[in-house]
Amino acid sequence: MGRPREELRGIGASPGVGVGPALLVDSQNPHARHHHIGSGEAAFEIERLKAAIERSRCELEDIRARLGEEAPADYRLILEAHLMMHSDELLIDVATKAIEDEAVNAEWAVERAVGQIARHLAQAPVDYFRDRSADVEHVGRRIIAQLAGRSSSLPAELAGSVLVTDDLHPADAAQLIETPVAALVTGLGSATSHTAILARTLEIPTVVGIAGIVEQVGEGDELVVDGFAGRVVLEPEPAECDRARLRGQRWRQFTQKLREQAGDRVETRDGVPIELLANVDLPAEAALAQEEGVHGIGLYRTEFLFMSRREPPSEDEQAQVYSDIVRVSAPRSVTLRTIDLGGDALSIESHAPRVPNPALGLRAIRLGLARPELFHDQLKALLRAAAEGRIRVMFPLISGVHELRLAKAALSQARRELLTRGERVGEPEVGVMIELPSAVVMADRLARECDFLSVGTNDLVQYGLAVDRANPEVAYLAESLDPAILRMLDSVVRAASAVDKPLSMCGDMAADALVLPLVLGLGYRVLSVPLSAVPLVREVVRRVDTTTARALAEKALDCATAEEVRAALVAEFAGQLGDLWSETGIEHA
Ligand code: PEP
Ligand code: MG
């Protein structure tokens with residue numbers, strides 16, 4: 001008797017459905033031989049280490065050379081970051097020291113160095129930086145494979161398979177550009193990991209985070225991968241495979257159609273103009289945003305620049321990167337958010353003590369104000385870039401007016417320093433992210449003292465409902481349709497319009513096809529969404545009538561539970577949006 005049909009649950013990281021035979025790649029986990037070395041062998045081990053790093057670097061250089069200009073910009077940037085890690089002094093120093101002081105062999109030393117760096121990154125309160133610890137581990141595994149005389153690239157024959165692996169090295173994704181797989185399943189990872197970002201860019205249906213997947217699947221087993229629902233089916237019925245194939249095909253046609261319909265003008269069914277902006281994590285995405293035809297960049301997360309390096313980028317380096325983004329995006333504006341990361345992520349070498357609630361600790365603007373030398377360099381770089389084009393500076397996680405005043409004072413001081421130095425400086429607008437309940441309550445006062453507000457719903461849901469964004473055990477409580485969240489969003493709209501200040505939403509609620517009619521109904525007219533969501537958001541906006549949406553919002557604000565809101569939303573908009581919801585895997589029947 002064959003094995004029964006089984007469903008495994010993970011995280012849907014890239015939409016679409018793929019069917020195909022499993023191709024198992026377990027080379028990601030070469031276990032290093034550990035042994036102590038004799039006296040006098042350290043120099044030899046250090047040489048082995050350096051040679052392995054060099055071979056691994058050459059392998060990546062090779063992949064880079066093979067990549068054409070058409071390779072996604074994100075991908076090229078990630079490859080650059082991994083190449084940079086090969087010359088990371090911290091990695092090399094810690095490993096060399098372990099060989100010299102503790103008499104461990106090179107493999108063991110690399111594991112130690114990687115473990116130490118990854119642990120510090122993993123403690124960061126921001127998902128983004130936690131995910132970067134996986135990058136360091138990837139690079140370590142690559143070097144360890146080289147120490148064992150192996151390359152860690154994927155097999156050549158991939159087309160049409162479902163790639164099943166613990167974790168995909170972003171460098172290996174080069175092959176996925178050349179030979180597309182039907183789908184990808186990984187044991188590790190989250191929706192914000194590099195693998196997930198790449199999979200979305202390459203439009204490969206992907207499910208991540210199924211622990212132990214490599215042990216549960218046999219080579220060649222037929223799999224159905226549902227990247228919408230985060231589901232993998234083992235031993236599917238033939239009819240199920242046929243349905244899944246059809247669904248995958250429909251999704252590809254659907255996204256293609258949405259792209260073809262793109263145009264500059266974005267307005268609702270009743271002609272209300274909507275400004276559609278892009279959220280950008282990597283500088284190279286700015287050019288892609290232009291291609292998608294968005295109206296500007298509504299959130300550039302500058303913290304990426306501070307990663308994978310021992311020293312923060314200098315003022316000059318930052319000024320260069322920010323100016324490039326501004327030039328690429330001209331004449332449209334770019335909203336640059338000052339660093340949103342926690343102390344741990346920045347101080348990987350200082351063994352910062354673990355704090356019990358990092359999300360409530362020294363994060364975002366708090367870190368900026370606590371580390372003036374770091375913050376000032378960034379502010380000066382932003383002011384210099386503002387001389388090159390339209391920049392808006394945005395402060396994250398502002399808790400109240402006092403903090404805003406401190407941040408603005410820091411900006412003024414940075415300006416004075418630049419002027420004294422005789423530099424050209426611009427006059428950026430200054431705004432605040434509304435992502436804490438205290439900021440919602442004080443939004444009217446905050447709005448009076450800045451130029452614009454932007455709601456970060458990812459954190460607003462986290463802090464408003466006290467649900468850790470990254471903890472799967474409480475993820476079911478992170479309900480953006482909770483009336484408490486809707487009332488907060490409503491009160492921010494009122495606060496901003498009372499003083500006539502521009503308001504946008506840059507959290508993921510703005511990109512959610514189900515929730516979007518409510519967001520429009522509450523009065524949000526400027527939406528900043530991840531690049532991959534732009535075509536879908538454009539289409540939802542075009543189908544929504546704001547009078548109907550407003551009536552729905554009134555009703556929702558009077559609901560007692562998220563379920564009631566959802567029912568009202570579905571009843572009102574299933575007619576216009578049901579097909580889009582179905583295509584994107586949103587259950588609404
Ligand atoms: C948010 O919190 O909604 C937001 C846009 O910022 P981030 O996701 O970077 O915390
Ligand atoms: Mg946030």
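Buried means under 20% relative accessible area, exposed over 50%, and partly exposed in between, with a 1.4 Å probe and protein chains only. Keep that in mind for the exercises below.

This is a predicted model, in which local features need pLDDT of at least 70 and side-chain atom pairs count only at pLDDT 80 or more, while totals for chains, interfaces and linings use all residues. Residues are numbered from 1 along each chain as its sequence is written, chains are lettered from A and ligands numbered from 1 in the order in which they are written, and side-chain values use heavy atoms, with hydrogens and water left out.

**Exercise 1: the metal site**

Find which residues coordinate the magnesium ion (ligand 2), and state whether they are buried or exposed.

Solution.
- Step 1: Look for donors, that is, N, O and S atoms within 2.8 Å of the metal (3.2 Å for Na, K and Ca); water is not among the atoms, so sites may look incomplete.
- Step 2: Glu435 (OE) and Asp459 (OD) coordinate the magnesium ion, at 2.0 to 2.3 Å.
- Step 3: Place them in the chain. Glu435 sits in the loop between β13 (429-434) and α16 (437-441), and Asp459 in helix α18 (residues 457-464), so the pair ties together parts 24 residues apart in sequence. Helices (H or I, at least four residues) and strands (E, at least two) are DSSP runs, numbered from the N terminus.
- Step 4: Both Glu435 and Asp459 are buried.

**Exercise 2: the surroundings of ligand 1**

Describe which residues are closest to ligand 1 and how much of the ligand the protein buries.

Solution.
- Step 1: Collect the residues with a heavy atom within 4 Å of the ligand. There are 14 around ligand 1, and the closest are Arg301, Arg337, Gly456, Asn458 and Arg469.
- Step 2: Check for polar contacts, pairs of N or O atoms within 3.5 Å; within protein, one must be able to donate a hydrogen and the other to accept it, and residues adjacent in sequence count only if both atoms are side-chain atoms. A polar side-chain atom of Arg337 lies 2.9 Å from an oxygen atom of ligand 1, and one of Glu435 also lies 2.9 Å from an oxygen atom of the ligand. From Gly456, a backbone N or O atom lies 3.5 Å from a ligand oxygen.
- Step 3: Taken alone, ligand 1 exposes 290 Å², and the protein buries 97% of that. Such accessible areas come from the Shrake-Rupley method with a 1.4 Å probe; for residues, only the protein chains shown count as cover.
- Step 4: β10 (296-301) and α18 are the elements that give two or more residues to the shell. The largest share, three residues, comes from α18.

**Exercise 3: helix α4**

Work out how far helix α4 reaches and how many of its residues are buried.

Solution.
- Step 1: The expected span of a helix is 1.5 Å times one less than its number of residues.
- Step 2: α4 (residues 106-122) has 17 residues and reaches 24 Å from first C-alpha to last, close to the expected 24 Å.
- Step 3: Of those 17 residues, 12 are buried, so α4 is largely enclosed by the rest of the structure. Among them are Trp108, Val110, Ile117 and Leu121.

**Exercise 4: unusual backbone angles**

Identify where Ala364 and Leu397 lie, and what their phi values are.

Solution.
- Step 1: Most residues other than glycine have a negative phi, and most peptide bonds are trans.
- Step 2: Ala364 has a positive phi of about 55°, and lies in the loop between α12 (343-346) and α13 (365-370).
- Step 3: Leu397 has a positive phi of about 60°, and is found in the loop between β12 (391-395) and α15 (401-420).
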